[in-house]
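Hi there,

Here is the structure I promised to send over. Have a look at it first, and then read on for what turned up.

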Amino acid sequence: MAHRILILGGSFEARQFARAVRDLHDLDVTLSLAGRTAHPLAQPVPVRVGGFGGARGLARYLRSSKTEVVIDATHPFANVISENAINAAAAAGVKLIAIRRPAWQPIPGDHWTEAESVPDAVRRAGPDPRRILVALGRKELGPLTEAPWHSYLIRSIDPVDPPLGVPDATYILARGPFDEDGEIKLFRRHRIELIIAKNSGGTSSYAKLAAARRLSLPAILVKRPTVPAAPSVPDARAAKEMLVHLLGLEDERGE
Ligand code: NAP
């Protein structure tokens with residue numbers, strides 16, 4: 001019988017991991033999405049969509065689907081589902097592998113300030129009007145209305161609807177990964193002076209910070225929420241190795 005695994009997704013790593021394991025023998029893979037984006041990217045494995053109903057609901061799902069391993073590959077700011085995954089896996093007696101990508105660290109040339117939260121990031125942008133690239137989730141933009149004197153360039157996957165109650169906001173729809181040259185062009189075109197973003201880590205959205213460094217622009221990065229400890233690996237490749245080991249699979253493609 002094939003081993004059933006559940007990937008909690010909605011991230012670059014989740015797709016990468018799904019792609020890496022889809023051809024392993026004796027594996028039955030499902031990827032779970034919260035259903036936040038209107039047009040989610042196609043996934044390399046079968047998908048289910050929507051919440052489970054908290055940790056208890058997830059534990060019920062794991063038991064009834066006879067899942068053996070759950071891979072928490074959610075975004076580092078999705079801390080509720082990550083904690084639910086820990087509790088549900090323990091309750092259902094299922095193994096857990098968490099992909100925890102390291103936070104970005106500044107290197108010479110970076111001008112970063114750390115913020116505790118989005119409201120704190122907005123406060124740190126200061127009392128003088130600035131032209132700000134905002135790379136936050138669409139649902140996290142509310143605090144920008146506390147500083148209506150800035151000009152905001154807001155990038156999101158789905159439209160911000162209704163628009164924010166600030167006098168100067170420009171909206172662009174785009175989905176990463178982005179590249180450094182493209183980001184530099186964007187920043188120049190909109191005369192960006194400051195970046196507000198989350199310290200997501202990983203490669204797919206790092207280009208804005210590399211571009212900021214090249215242009216000597218400051219960035220305010222919101223700190224990640226803390227998540228309880230779990231057996232974790234830094235990336236999709238290491239997660240695949242751990243899965244192969246846990247289930248005693250043969251990695252025939254040698255990836
Ligand atoms: P969250 O606050 O940690 O979770 C809130 C609730 O959403 C969970 O309790 C769960 O509902 C449901 N949920 C979250 N991820 C799910 C998944 N993969 N499959 C099924 N249900 C899920 O999550 P969030 O920050 O809203 O993020 C939602 C999704 O967007 C995640 O898949 C995450 O990877 C992705 N994402 C988040 C961010 C971010 O900055 N937060 C950025 C990029 C992508 P129930 O309690 O009903 O099970």
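**Strands, a sheet and a helix pair**

Let me start with one residue pair: I132 has Y152 of β8 as its bridge partner. Please keep in mind that this is a predicted model.

That pair belongs to the link between strand β7 (residues 131-135) and β8, which run parallel and are joined by 4 bridges. On to strand β9 (residues 169-173): 5 bridges connect β8 to β9, and these two run parallel as well. Here I154 is matched with Y171 in β9.

So much for the partners of β8; is the strand itself buried or exposed? Strand β8 covers residues 151-156, and 6 of its 6 residues are buried. In a regular strand, side chains point alternately to the two faces of the sheet. In β8 both faces are covered: S151, L153 and R155 lie buried on one side, while Y152, I154 and S156 lie buried on the other.

Next comes an open sheet of 6 strands, paired in parallel and ordered β3-β2-β1-β4-β5-β12. Why do β3 (47-49) and β12 (232-233) each have one side without a neighbour in the sheet? They stand at the edges and each has a single partner strand, so one side of each is left free of a neighbour there. Elsewhere in this sheet, strand β4 (residues 69-72) and strand β5 (residues 95-99) run parallel, joined by 4 bridges. For V69, the bridge partner in β5 is K95.

Helix α1 (residues 12-21) packs on this sheet and touches β1 (3-8), β2 (27-33), β4 and β5. The direction of α1 makes about 160° with that of β1.

Helix α1 also meets another helix, α7 (residues 236-247): their axes come within 9 Å and cross at roughly 45°. Angles under 35 degrees would count as roughly parallel, and 65 to 115 as roughly perpendicular, so α1 and α7 are oblique to each other. The crossing of α1 past α7 is right-handed.

Which residues make the contact? From α1 they are E13, Q16, F17, A20 and V21, and from α7 they are A236, A239, K240 and L243. By type, the residues in this contact of α1 with α7 divide into 6 nonpolar, 1 polar and 2 charged.

If you open the model yourself, β8 with its two parallel neighbours β7 and β9 is a good place to begin, followed by the contact between α1 and α7.

Best wishes

How values were computed: Residues are numbered from 1 along each chain as its sequence is written. This is a predicted model: local features need pLDDT of at least 70, side-chain atom pairs count only at pLDDT 80 or more; totals for chains, interfaces and linings use all residues. Side-chain values use heavy atoms; hydrogens and water are left out. Buried means under 20% relative accessible area, exposed over 50%, partly exposed in between (1.4 Å probe, protein chains only). Two strands pair if DSSP finds at least two bridges between them. Contact means heavy atoms within 4.5 Å. Axes are lines fitted to C-alpha atoms, for helices over the stretch in contact, and angles run from 0 to 180 degrees between N-to-C directions. Angles under 35 degrees count as roughly parallel, over 145 as roughly antiparallel, 65 to 115 as roughly perpendicular and the rest as oblique. A crossing is left-handed if the near helix is turned anticlockwise from the far one by less than a right angle, and right-handed if clockwise. Ala, Val, Leu, Ile, Met, Phe, Trp, Tyr, Cys and Pro count as nonpolar, Asp, Glu, Lys and Arg as charged, and the others, Gly among them, as polar.
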